[in-house]
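Reader: I'd like a close look at one part of this model. Could you walk me through its pocket?

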Amino acid sequence: GGDMATDDKYDRQLRLWGSHGQQALMASHLCVLGASVVATETLKNLVLPGIGRFTVVDAARTEPADLGTNFFVEESDLGKPRAEAVCRWLQELNPDVQGAFIDRDPAQVIAEGANFFAPYSMVIACQLTEGLAKQLSEVCKGLNIALLLLTSIGFVGKLRVYVAEHAICETKPDSELGDLRLTDPFPELRRFADSIDFESLDLAQHAHVPYVVILIQALDRFRKASGKALPSTREDKDQFKQIILKMQRSDAEVNFAEALENAYKAWVPYSVPDAVQNMLRMSSEGRKTDFWIVARAVSQFVRDCGKLPLAGSLPDMTASTDLYIKLQEIYGSRAGGDCAAINAHIAALQKEVGAEQSISPEYVQRFCQNAQYCEVFCYRSLEEEFRPCSPEEGGLDIAEEAGDEDSLVQWYLALRAADHFREGRGHWPGALCGDGEAALAADVAELTQVATRILETYKAEGVSLDPKMIEEIVRCGGAEIHTTSAVLGGIAAQEAVKLVTKQYSPVNNTVIYDGLHGKMQTLEV
């Protein structure tokens, strides 16, 4: 039901992505091409947290081999459409989710293009060849929906994420810096810090002054003593810490220990992060989605004030209740004022561009609270990936990767070669020959030739293929193993949630998984 987002059932994940994130999941309709293990493992991890709807497209019939790898088919499904079986069993995991299946070959629906894919909010395509993947990515680009491409073969696999443009205000980095404005306090904060006279406080009060105030006053003393705006050298920083220690009355004062721990917050100069500056530059292009209208308003605010809107949140710290609440009110009220200014800019902009849609105040507030973490992710298209440019032009530096013994770039080349082989032959390398070395030799030789041709497109000097990877791909004979697909399905579902909820930074753009050595790497290909 409509209240589901506040239901106890989803309590733990709501703490990660909030009820607005859950609502976004519930409103999504995913199209999944293929119903092999990697498709069902990905879907399982999306049905459990409560996506709205999914549709599985697959023309295969359930075979005995499926029973050994795929948890979402059983013996009674043999000979029946595999899409129907997995759809039925996946729906059992969560009654809130609606599932449907289409008993057709994914290649046919890709050929239909936008007509077929327009109703979906994301496409997850499994085990496609490069030609089909490229065709599908063009369709998704036209509709501006995200595409996740999965390949799982033997003990290795890859995930490729593509979305024409992914603009988000909640990247949620692990940054501890916050937005306290200690180096240049706004007037209300300045007055509050000045109103506290350390000398006149008794012991209990002295031990409960919030570290924000300690740092602002210590910075004042540092500026007076050194004539510098902020501590920058090692000596400056030591001097600054000494000032804090001199202000402390006893070692038992936890607030002063916190001030020392957070001292760096008083010497990192305020700046608008690069990713945000990039977003503000792009905002002038006049796009009309909610994100870009708010971004233009923020850009106007930064031009007027030189700073982003205040986040307004205060971390936990040792303080008396009344001082902490006062401080919270000061940050909250300033953030509210900044947000009101942004809303005024938005109203003016909407009038100017004749935009009808009203932007929800909650969204504007979230944008302002996270303004320093906004980012626009622009992905390289598959067309660009398959016609690689030089490292100087921003392409993958294959020579550098191949020279690094920890890099998984050789698996990337081998997996691409397997796709080309399959496109030419209609089956995976090694799928139709016996298990002996001699039987595999012809496919190994052919796959090596295909991989060499792919490597030549990079025009990299002195890079050679690793025959071990080529041999392993042929040895697998296109077998899809449950454990490999379970890992890839977990990663893909996590990326899908990030893209649907527009929270956390997504992978850009390929994850290679090597289950033989338990290694994983992200490459921007």
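What is the volume of the largest pocket?

Author: The largest pocket has a volume of about 770 Å³. A quick word on the basics: this is a predicted model, where local features need pLDDT of at least 70, side-chain atom pairs count only at pLDDT 80 or more, and totals for chains, interfaces and linings use all residues. Residues are numbered from 1 along each chain as its sequence is written, and side-chain values use heavy atoms, with hydrogens and water left out.

A pocket here is an open set of points on a 1 Å grid over the protein atoms alone, where a 1.4 Å probe fits, with protein on both sides within 12 Å along at least five of seven lines; lining residues have an atom within 4 Å of a point. Volume is the space filled by probe spheres set on the points, which are joined across faces, edges and corners.

Now for the walls. There are 28 lining residues, and Ser36, Arg82, Gln127, Trp428 and Glu480 lie nearest the centre. Two elements, α3 (64–69) and α5 (106–112), give two or more residues to this lining, and α3 gives the most, with three. (Helices are DSSP runs of H or I, at least four residues, numbered from the N terminus.)

As for chemistry, the lining splits into 12 nonpolar, eight polar and eight charged residues. In that tally Ala, Val, Leu, Ile, Met, Phe, Trp, Tyr, Cys and Pro count as nonpolar, Asp, Glu, Lys and Arg as charged, and the others, Gly among them, as polar.

The second largest pocket has a volume of about 570 Å³, and Gly178, Ala311, Ser313, Gln369 and Tyr373 lie nearest its centre.
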